[in-house]
Amino acid sequence: MTAFSLLTRTDRDAASMRRGGIDLTIEDIGARAASFPAFDGHELVLHARAPSVGFDAIVAIHDTTLGTPLGGTRMRPYRSPDEAITDALRLSRAMTMKSAMAGLDLGGGKAALIGDPATDKSAALMHAYGDFLNRIDGRFSAGQDAGLSVADLDRIAEVTPHVFGSSLRGGGDPSPDTAIGVALGIGASVRHRMGAESLSGVAVAVQGLGHVGAALCDILAEQGARLFVADVDSARIAATVARTGATAVAPSDIHRAAADVFAPCALGGVLDDATIGELRCAIVAGAANNPLGAEIHGEALRRRGILYAPDYVINAGGLIHVASELHGWGREDTLARIRRIAATLAEIFARADAEGVATNAVAERMARERIAREKGRGKR
Ligand code: NAI
């Protein structure tokens, strides 16, 4: 039995509470989540709600062998709680793998807030989330992910210490460091697949110009890459085009742009049977979590001769940034750890080539090997 499963029925009943008029309830939905295809032996899955302030969240803790989960919080207008459960299950598992591959002593967890970030955010909602984090007593610490800003983390930090990346106490937005890692990972991928030592003249199609995508474009443009960009937000396209001279492409066409690299930096699930058949790139390497519709699509990319940089390896810069806040690493130490992303990818690519298997399969095996080693050393 893990520490997390000690949240008993009595605890759950006690977790229904009123704090400053907030009707926060926490339900252990592990048994229900176990029937989901994305379930992978997760240690704890919670559904937390405070209807009076519109707070509705799924929090999944995948594995705590390496340490306390320090996962991002995503906010999306999920069509149903089931969709949020699937997202949280997949994302929390990826966090376990990400931490393992980045050499961090952090577990895997993720929170999915159900709501439209453009219209549904409020201070009361963020405070309810902070109350929830207090209630589970640091078993999960929140960070930033798509849909949440540093200002939102600041709100959460007003009521709980279990948050990283706020400007009140921490290092702020991790996205620039995620972008640095992704750019280094694109460099490692180009070196492996195209034999080129620089990104000069390399064409990169960037899908999504948010926190990470926009910063990535700036780095790539500086290194002489030719950029194709798409977003559903025309203001973001205009801003990136003005800064970098990128060519704008329709969102529906960006994955099939005639580019060397496709860099998904929006949401997940963009690579499925249909879109993989349409790709014209040699490399898929971007920030988006879970860009593969399913793990099997890693093999589909390999069969098409397309090199795939596993998401949780290439996009670990943000987590390293947040871990630096936890451990008090200086800037040089943090950057050195981010630079290791390129070497880790090179090792994955070499192993995948030697064994004739998909890169995501190699990454998963390497991550699980580290966790098994740590378990063997009695880390928990
Ligand atoms: P964001 O929310 O700031 O940006 C996402 C962008 O994608 C927005 O500009 C949005 O308009 C655009 N978008 C949405 N649907 C689109 C579509 N169909 N076609 C084109 N563009 C579309 O999110 P952020 O923080 O930049 O993250 C991007 C991805 O990277 C997410 O998958 C996130 O989970 C992942 N990631 C982010 C990290 C970070 O440090 N922010 C760390 C690791 C992963």
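Here is a short chat about the ligand site in this predicted model.

Biologist: What makes the pair between His211 and the ligand a polar contact?

Modeller: An N or O atom in the His211 side chain is 2.6 Å from an oxygen atom of the ligand. The cut-off is 3.5 Å for a pair of N or O atoms, so this pair counts.

Biologist: Which distances do Thr178 and Arg74 show to an oxygen atom of the ligand?

Modeller: For Thr178, a polar side-chain atom lies 2.7 Å away from a ligand oxygen, and for Arg74 the value is 2.9 Å. Both are within 3.5 Å, so they count too. As for cover, the protein hides 85% of the 830 Å² of accessible area that the ligand has on its own.

Biologist: Why are five residues of the shell called charged?

Modeller: Because Asp, Glu, Lys and Arg count as charged. The shell has five such residues, alongside 11 nonpolar and nine polar ones.

Biologist: Which parts of the chain supply the shell?

Modeller: Helix H6 (175-194) and helix H7 (211-222) each give at least two residues. Domain 1 (4-157) and domain 2 (175-369) each give at least three.

Terms used
Residues numbered from 1 in each chain as written. Predicted model: local features only at pLDDT ≥ 70, side-chain atom pairs only at ≥ 80, totals over all residues. Heavy atoms only, no water. Polar contact = N/O pair within 3.5 Å; in protein donor to acceptor, adjacent residues only side chain to side chain. Areas by Shrake-Rupley, 256 points an atom, 1.4 Å probe, with all protein chains shown as cover. Helix = DSSP H or I, 4+ residues; strand = E, 2+ residues; numbered from the N terminus. Domains from an automatic or database assignment.
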